[in-house]
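Welcome, and please have your viewer ready. We will move from one selection to the next, with a short note at each stop.

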Amino acid sequence: MTDAPLLPESDLPELRWCSASLEGVGAIVVIYSPEDDTIRAASLAQATGEEPEVAAIGRVLEKLMDQLEALAPATAAREMKPLPADRGRVAEAVAAYAAGSHAALDELPVVQPGSAYRQDVWAAMREIPAGETVSYAELAQMAGRPLAHRAAASACANNLVAFAVPCHRVIRADGGLGGYGFGGIETKRALLAREGLHLTR
């Protein structure tokens, strides 16, 4: 995220995390601030080989925390170890999403650092309903800069909050899936299939 502004330490409060298994895909992992139920980062944990899912979740948590700390150097001097939470508004929404309620994360606030245009793109992505897709060009138009296709694609690639900012619903204009930084194209295809879209390209 080369154009992301640095965050003061106060912008990274005490954190919690929760997770839920997405059948056949992996486990959604969400880091959030409990005082305002704001999602700070989210990703997908996928076990490899005989690795247990809990180990994959731990690996993803470490990566997400590294990304958050890189954007807020003042936090590097302290250990930020998010504590697990299995109840509360965010945990309940994550569990509901994993159970098939695709809009369960829509009402939760999201904060991630990025330029003003990236904020516009991420906000536009949150308007894409489950079960629908838009092209990168259409996303650029939704964000107010119709010619900024590549900038819109870059915002997708630099999204730190999977699922709540559903970059998996953005595809190429020719119907191809494009890339997906949270597990690759087949994961993107599987997430869309969960929402009723079965794309073969």
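Begin with the sheet, keeping in mind that this is a predicted model. Its 4 strands form an open sheet in the order 3-2-1-4, and the pairing is mixed. Now pick out the edges: strand 3 (38-45) and strand 4 (83-84) each have a single partner strand, so one side of each is left without a neighbour in the sheet.

Next, select residues 16-22 and 26-33. These are strand 1 and strand 2, which pair in the antiparallel sense over 7 bridges. To look at one bridge up close, show Ser21 together with its partner in strand 2, Ala27.

Keep the strands on screen and add residues 53-71. This is helix 1, which lies across strand 1, strand 2 and strand 3 and runs at about 40° to strand 2.

Now go to Arg87, in the loop between strand 4 and helix 2 (89-98). Is Arg87 buried or exposed? Its relative accessibility is 63%, over the 50% cut-off, so Arg87 counts as exposed. Add Cys18 and draw a C-alpha to C-alpha distance: Arg87 and Cys18 are 8.7 Å apart in space, though 69 residues apart in sequence.

For the last stop, select helix 3 (residues 116-125) and helix 5 (residues 149-157). Their axes come within 9 Å and cross at roughly 75°, which means that helix 3 is roughly perpendicular to helix 5. Show the side chains where they touch: Tyr117, Arg118, Val121, Trp122 and Met125 from helix 3 meet Ala151, Ala152, Ser154, Ala155 and Cys156 from helix 5. Coloured by class, this contact has 8 nonpolar, 1 polar and 1 charged residues.

Conventions: Residues numbered from 1 in each chain as written. Predicted model: local features only at pLDDT ≥ 70, side-chain atom pairs only at ≥ 80, totals over all residues. Heavy atoms only, no water. Pairing = 2+ DSSP bridges. Helix = DSSP H or I, 4+ residues; strand = E, 2+ residues; numbered from the N terminus. Contact = heavy atoms within 4.5 Å. Axes fitted to C-alpha atoms, helices over the stretch in contact; angles between N-to-C directions. Parallel < 35°, antiparallel > 145°, perpendicular 65-115°, else oblique. Nonpolar A, V, L, I, M, F, W, Y, C, P; charged D, E, K, R; others polar. Buried < 20%, exposed > 50% of the residue type's maximum accessible area, 1.4 Å probe, protein only.
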